[in-house]
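Me: Please give me a close look at one strand in this model and how its neighbours sit around it. I'm in my first year, so explain the terms as you go.

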Amino acid sequence: MLGSSKSSFIFNKWQFLIPTALLIGLFLYLLFPGNILRQADTQQIASLASKKAMLETELTALLNLNENSVCIDDQLVIPMDNDNSLLPPAETNGLVDKLERSVVLVLVDYGDGQGIGMGSGFFISPSQIVTNGHVVANKKILPKAILVTNKYIGLHSVKVDSLRFDDDYSEDFAVISIAENIGYPLSLANTNDPGQAKLTEVFAAGFPGDVIESDENFLKLMNADEFSVPDLVVTDGTISSQQKVFGAVSAFVHTAQMSPGNSGGPLVNSCGHVMGLNTFILSNEGSVRNFSLTSSEISKFLRENRLSPRLAAKECK
C-alpha cells in the first residue's frame, strides 16, 4: 500500500510541474521576446516600407483615374485639387495654332546684375505651366522674378508651385502658375509602351536663344521698347530611342533640333499630344543628341504633387 501511495504521489507531482514549467516558459517568452526572436533587419523593413509607399501612390493614381476622370473632347482629365483642370481648351486651327497658344517663353530674373535667363514651358491647365526645374532655379535658388509670355496671353508674373531638380537631370521638373485661367492646356500622350515609339514623328516647340536673339520682337521686349513676343520656333524630327538616362529617368532621344532656350518646352506628336519635356542636349565630335523626359515621367511628377495631368483619350494615329 505504501509503494502504491508513493507512486501515485510522484505521478500527481509531475502533473503539477509540467503545466507550471510551460507557464513559466510562456511568461519568459512574453517578457523577453528579444532573447528568443531574431532581431528584424532594419534595412529590409525600410526597403519594404518604401515599396509599400510606392505601391500605395500607384494605387491612388489608378483609383483617381478610374473614379474621377472625365472626358473633354479627346482628352481624359483627372481632377485632383485643381478644379481649373476641368475647363475646356479653346478651339484651335491645327497643330501650330495649338502650340502657339500653349507654349510660353519663360524669362527669369535672378537680380544682382546676373542677367536674364530664358527657357520654355507649356500649359497643363488654364493656369498652370510645366517647365524644367533648371529653367526656374539656379542651384535650387529661386530667382527674384519669373515672367511668362506668348502672343495670346500677354506678359504675366508667375509663382513656383512645385520644383524638383538634380544637377544630373534625373529629376528636372517644375510647375509654375499664373493668377488667371487663360492658358491652352496640352494633353499628355497616351503611350502605353515608350519603347514602341521609335520613328514616331515629333515636333519640338519653344524659344531657343540662338534663334530668337535675332528676332526683332524679342529685341524690343528685352529693351523694354514695347511689348512684343518673338515667334515660336517649331522643329520636326523622329524619336530615335527610349533610354533610362543616368539609370533613373525615362527619356526619348530624338532628332527634332533643339538648343538652349528649348528647355522646358514640349515634344509633341502630330496630334499635339505631349510625348516628352525637352530637357538637355549632349554633343561631341560634331554629333548632337536631343533628350526629352517622357510623358510618363511628367505624369508621375504631377501626380506626386497632387496635380492633374490631362491624358489623351486615345493614341495618335
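Reply: A good place to begin is Val-106, which stands opposite Gly-119 in strand 4. Before going on, note that this is a predicted model, in which local features need pLDDT of at least 70 and side-chain atom pairs count only at pLDDT 80 or more, while totals for chains, interfaces and linings use all residues. Residues are numbered from 1 along each chain as its sequence is written, and side-chain values use heavy atoms, leaving out hydrogens and water.

Val-106 belongs to strand 3, residues 103-109. Strands here are DSSP runs of E with at least two residues, helices are runs of H or I with at least four, and both are numbered from the N terminus. Is strand 3 mostly buried or exposed? Six of its seven residues are buried, so the rest of the structure largely encloses it. Buried means under 20% relative accessible area, exposed means over 50%, and partly exposed is in between, using a 1.4 Å probe and protein chains only.

Now look at the partners of strand 3. Strands of a sheet pair through backbone hydrogen bonds, either parallel or antiparallel. In this model, two strands count as paired if DSSP finds at least two bridges between them. Strand 3 and strand 4 (residues 116-123) run antiparallel and are joined by seven bridges. Six residues lie between these two strands in their hairpin, and there Gly-111 takes a positive phi near 70 degrees. Strand 3 also pairs with strand 6 (residues 145-150), again in the antiparallel sense, over five bridges. One of the matches is Asp-109 with Ala-145 of strand 6.

Step back, and strand 3 becomes part of an open sheet of seven strands, ordered 7-6-3-4-5-9-8 with antiparallel pairing. Strand 7 (154-157) and strand 8 (159-165) are its edges, each pairing on one side only. From one strand to the next, the twist averages 30 degrees. Farther along the order, strand 5 (residues 128-131) pairs with strand 9 in the antiparallel sense through four bridges, with Val-130 and Val-175 as bridge partners.

What lies across strand 3? Helix 3 (residues 95-102) does, also covering strand 4 and strand 6, and it runs at about 25 degrees to strand 3. Contact in such cases means heavy atoms within 4.5 Å. The axes are lines fitted to C-alpha atoms, for helices over the stretch in contact, and angles run from 0 to 180 degrees between N-to-C directions.

The sheet has another helix to visit. Helix 7 lies across strand 5, strand 8 and strand 9, at about 55 degrees to strand 9. Its buried residues include Ser-295, Ile-298 and Phe-301. After helix 7 comes Arg-306, with a positive phi near 55 degrees. Most residues other than glycine have a negative phi, and most peptide bonds are trans. Arg-306 sits in the loop between helix 7 (295-304) and strand 16 (310-312), and at 38% relative accessibility it counts as partly exposed.

Leu-199 offers another example, with a positive phi near 70 degrees although it is not glycine. Leu-199 is found in the loop between strand 9 (172-177) and strand 10 (201-206), and it is exposed, at 70% relative accessible area.
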